[in-house]
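User: Could you walk me through some of the helix labels for this model, and show how each one follows from its value?
Analyst: Happy to, let's take them one at a time.

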Amino acid sequence: MIVDVQKIKIEEIKTIIHYIGFVIICIALFMIIPIGTSLIYNDNLTYLYSFIISTVISLIIGLILYYVYTSKKLIELSLKGSLIFVLSIWIFSAFFCALPLMISGDLSFIDAYFEAMSGITSTGFTMYSQTPVAYSIRIWRSLLQWFGGLGIIFLLLVILPSSVSLKRLYFAEGKTEQMTPNIKHTSKIFVQIYAILTIIAITLYLLVGLDFFNAICYSFSGLGTGGFSADSNNLIILTTP
């Protein structure tokens with residue numbers, strides 16, 4: 001029996017590369033948050049520089065990939081192209097998210113990549129023997145889990161144009177629920193609900209006496225259901241389904 005395996009078109013590869021660059025740019029921009037945190041809480045300069053260097057590297061590579069193929073050359077992705085796109089996003093996202101952990105000297109490349117992948121998949125396994133002291137690293141790990149709880153692809157569905165075949169990306173990541181017939185509209189509703197729950201969680205933590213930084217970190221980790229802790233006295237936090 002001969003199975004006809006459809007090859008992915010070169011135009012689809014160009015489209016995937018273009019949007020991978022877009023994702024890397026987004027990651028670089030989100031690194032501004034730990035940079036600001038590092039300045040506010042006077043982290044060791046090693047951590048500040050690790051995020052600045054990671055931001056520059058991510059931004060340069062992201063811009064190159066994004067502009068190497070203009071939007072005029074992009075096409076709608078097939079199901080196979082969508083699956084490859086989703087896989088590529090997870091692989092590359094974990095790599096660039098791991099850069100600050102590695103450049104700071106906290107973890108080796110393999111450990112940093114594992115930590116980042118654990119964060120963006122909200123798995124909760126950590127390579128840190130104890131909670132990091134640096135505020136920038138702690139907020140970054142919490143951010144990774146917050147994104148992981150919703151899903152990086154899910155966030156992209158709100159931003160990407162309809163020409164990318166949003167429905168295929170939606171199902172390629174394993175999503176099945178649809179609140180509305182329109183995928184983009186459904187994604188926006190989920191993101192809005194997630195944001196509202198985050199604000200409620202932070203508010204409740206503040207009301208019970210937790211400081212603002214830990215309230216944010218615990219809210220991110222709790223909603224992401226990963227379990228990374230920002231408290232140096234505890235390595236993980238318990239989350240309820």
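**Reading the helix labels**

Analyst: In this predicted model, 10 of the 13 residues of H10 are buried, so H10 is largely enclosed by the rest of the structure. The buried residues are Phe213, Asn214, Ala215, Ile216, Cys217, Tyr218, Ser219, Phe220, Ser221 and Gly224.

User: What makes a residue count as buried?
Analyst: Its relative accessible area has to be under 20%. In H5, the residues that meet this are Ala112, Glu115, Ala116, Ser118, Gly119 and Ile120.

User: Why is H6 called roughly parallel to H10?
Analyst: The axes of H6 (residues 135–150) and H10 (residues 212–224) cross at roughly 30 degrees and come within 7 Å. Angles under 35 degrees count as roughly parallel, so H6 earns that label relative to H10. As for the hand, the crossing of H6 and H10 is left-handed.

User: Which residues make the contact between H6 and H10?
Analyst: On the H6 side they include Tyr135, Arg138, Ile139 and Trp146, and on the H10 side Phe213, Ile216, Cys217 and Phe220 are among them. By class, the contact of H6 with H10 has eight nonpolar residues, six polar and one charged.

User: How do you know that the span of H10 agrees with its 13 residues?
Analyst: At 1.5 Å a residue, H10 should span 18 Å, and its end C-alpha atoms are 18 Å apart, so the two agree. H5 (residues 109–120) can be put to the test likewise: its 12 residues reach 16 Å from first C-alpha to last, close to the expected 16 Å. Just after H5, Ser122 takes a positive phi of about 50 degrees.

Notes. Residues numbered from 1 in each chain as written. Predicted model: local features only at pLDDT ≥ 70, side-chain atom pairs only at ≥ 80, totals over all residues. Heavy atoms only, no water. Axes fitted to C-alpha atoms, helices over the stretch in contact; angles between N-to-C directions. Helix = DSSP H or I, 4+ residues; strand = E, 2+ residues; numbered from the N terminus. Parallel < 35°, antiparallel > 145°, perpendicular 65-115°, else oblique. Left-handed = near helix turned anticlockwise from the far one by under 90°. Contact = heavy atoms within 4.5 Å. Nonpolar A, V, L, I, M, F, W, Y, C, P; charged D, E, K, R; others polar. Expected span 1.5 Å × (residues − 1). Buried < 20%, exposed > 50% of the residue type's maximum accessible area, 1.4 Å probe, protein only.
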